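Visitor: I'm new to this structure. Could you take me on a close look at the open and enclosed spaces in it, one after another?

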Amino acid sequence: MKLKLVAAGVLLAFGLGAHAAPLIIKYSHVVADVTPKGQAALKFKELAEKKLAGKVEIQVFPNSQLFGDGKEMEALLLGDVQILAPSLAKFGKYTKQIQIFDLPFLFDDIHAVDRFQASPAGQGLLNSMEKKGIKGFGFLHNGMKQLSANKPLGMPSDAKGLKFRIQPSDVLEAQFNAVGGNPQKLAFAEVYQALQTGVVDGTENPWSNIYSKKFHEVQKYIMDSNHGVLDYMVIGNAKWWAGLPPDIQKGLTEAMTESIKFGNKVAFDEDMAFRKKVVDDNKAKVLPMNKEQTAAWRAAMKPVWSKFEGDIGKDLIDAALKANK
Ligand code: LMR
């Protein structure tokens, strides 16, 4: 009996000790460490562990190591991971409004995207999934997308009959249907192989993803199309967040804000450096698009806007257009 009591005491002591152990927070994403998102996640770890020394341990899982993008949202809602930063193209199931970011040729450039995200209309989207259990911490940039295939895509008619890998977005599906392409929704982790084996003929992604996942090694041509944006929302499980002590929330919020700023700076500063690495590798040919070509692509894809206007809201589209200067 005495022994049992001692054992219970030891367990209790361990239990109390465990209480003081750092809170483990898993941050999972699908891209490489060198990308804006990869760097933002690592910066978040560094800052959070500094601000909340001994109180939190941030475990970052890049490259779909923990969850691929087919599973990560479910895992977040189940509490198997606490923080994610999915592409804005991956929220269609949870909010129709966020589909706005996939509309082709809506934003002139990443600075316009930045202005819209910072506007009241853009900031409102961060809370749009709270009822579904998703807390939005902030937007994070990657960059403008570039079209690629094994033939030059100078004109929209060049895309006819080609299979394009897309993110799981109905807007992106409509975008490629609009030019006679055959879009296929595939997880990010499957893209390289799908391109290599010819499961798909082409795709679209920003320079940092193209370079770090070597898509340029399995595509013959990449157009400087800048026809749309691929950005992220950093999100957390809303219930988990609400249950955190105020000091932890404060430290994590500060670390999150600073890490997003850092990631955005990487996105602004390094987009062209990633493009240069692709050009220097000399595996795919990077082709410019002239004004006529851009106008033709824009005209072919623009009908997608009205198709989704009902879901997204005209006011929101107008607010986004205002961000172009
Ligand atoms: C993609 O699936 O192409 C992107 O969303 C990957 C990412 O997270 O940048």
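Guide: Happy to. Keep in mind that this is a predicted model. Let's start with the largest pocket, which has a volume of about 370 Å³. It is lined by 23 residues, and Asp-69, Lys-90, Lys-93, Tyr-94 and Pro-168 are the ones nearest its centre. Two helices, H3 (72-78) and H6 (170-177), each give at least two residues to that lining. Sort the lining by class and you get 10 nonpolar, eight charged and five polar residues.

Hold on to Lys-90, since that residue turns up again in the lining of the largest cavity. This cavity has a volume of about 70 Å³, and it is the space taken by the ligand. Along with Lys-90, its lining includes Val-30, Val-31, Lys-37, Ser-87, Arg-165 and Gln-167. Further along the chain, Phe-188, Asn-205, Asn-209, Leu-230 and Tyr-232 belong to the lining too. By class, that makes five nonpolar, four polar and three charged residues.

Now for the ligand itself. There are 13 residues around it, and Lys-37, Lys-90, Arg-165, Gln-167 and Tyr-232 come nearest. That shell divides into five nonpolar, four polar and four charged residues. Zoom in and you can pick out some polar atoms facing oxygen atoms of the ligand. In Lys-90, a polar side-chain atom lies 2.8 Å from a ligand oxygen. For Asn-209, an N or O atom of the side chain is 2.9 Å from an oxygen of the ligand. With Gln-167, the distance from a side-chain N or O atom to a ligand oxygen is 2.7 Å. On its own the ligand would expose 270 Å², and the protein buries 100% of that.

Gln-167 also leads us onward, as it helps line the second largest cavity. The structure holds two cavities of 30 Å³ or more, and this second one has a volume of about 40 Å³. Ser-87 and Leu-230 are in its lining as well, together with Leu-88, Ala-89, Phe-101, Asp-102, Val-229 and Asp-231. Here the classes come to five nonpolar, two polar and two charged residues.

Last stop: the second largest pocket, with a volume of about 190 Å³. Strand E4 (134-144) and helix H10 (246-281) each supply at least two of its lining residues, and H10 gives the largest share, five. Among the residues you'll find there are Lys-135, Phe-137, Trp-241, Met-256 and Lys-261. The lining splits into four nonpolar, four polar and two charged residues.

Conventions: Residues numbered from 1 in each chain as written. Predicted model: local features only at pLDDT ≥ 70, side-chain atom pairs only at ≥ 80, totals over all residues. Heavy atoms only, no water. Near = heavy atom within 4 Å. Polar contact = N/O pair within 3.5 Å; in protein donor to acceptor, adjacent residues only side chain to side chain. Areas by Shrake-Rupley, 256 points an atom, 1.4 Å probe, with all protein chains shown as cover. 1 Å grid on protein atoms, 1.4 Å probe; cavity = no way out; pocket = protein on both sides within 12 Å on 5 of 7 lines; lining within 4 Å. Sits in = over half its atoms within 2 Å of the grid points. Nonpolar A, V, L, I, M, F, W, Y, C, P; charged D, E, K, R; others polar. Points joined across faces, edges and corners; volume = space filled by probe spheres on them. Helix = DSSP H or I, 4+ residues; strand = E, 2+ residues; numbered from the N terminus.
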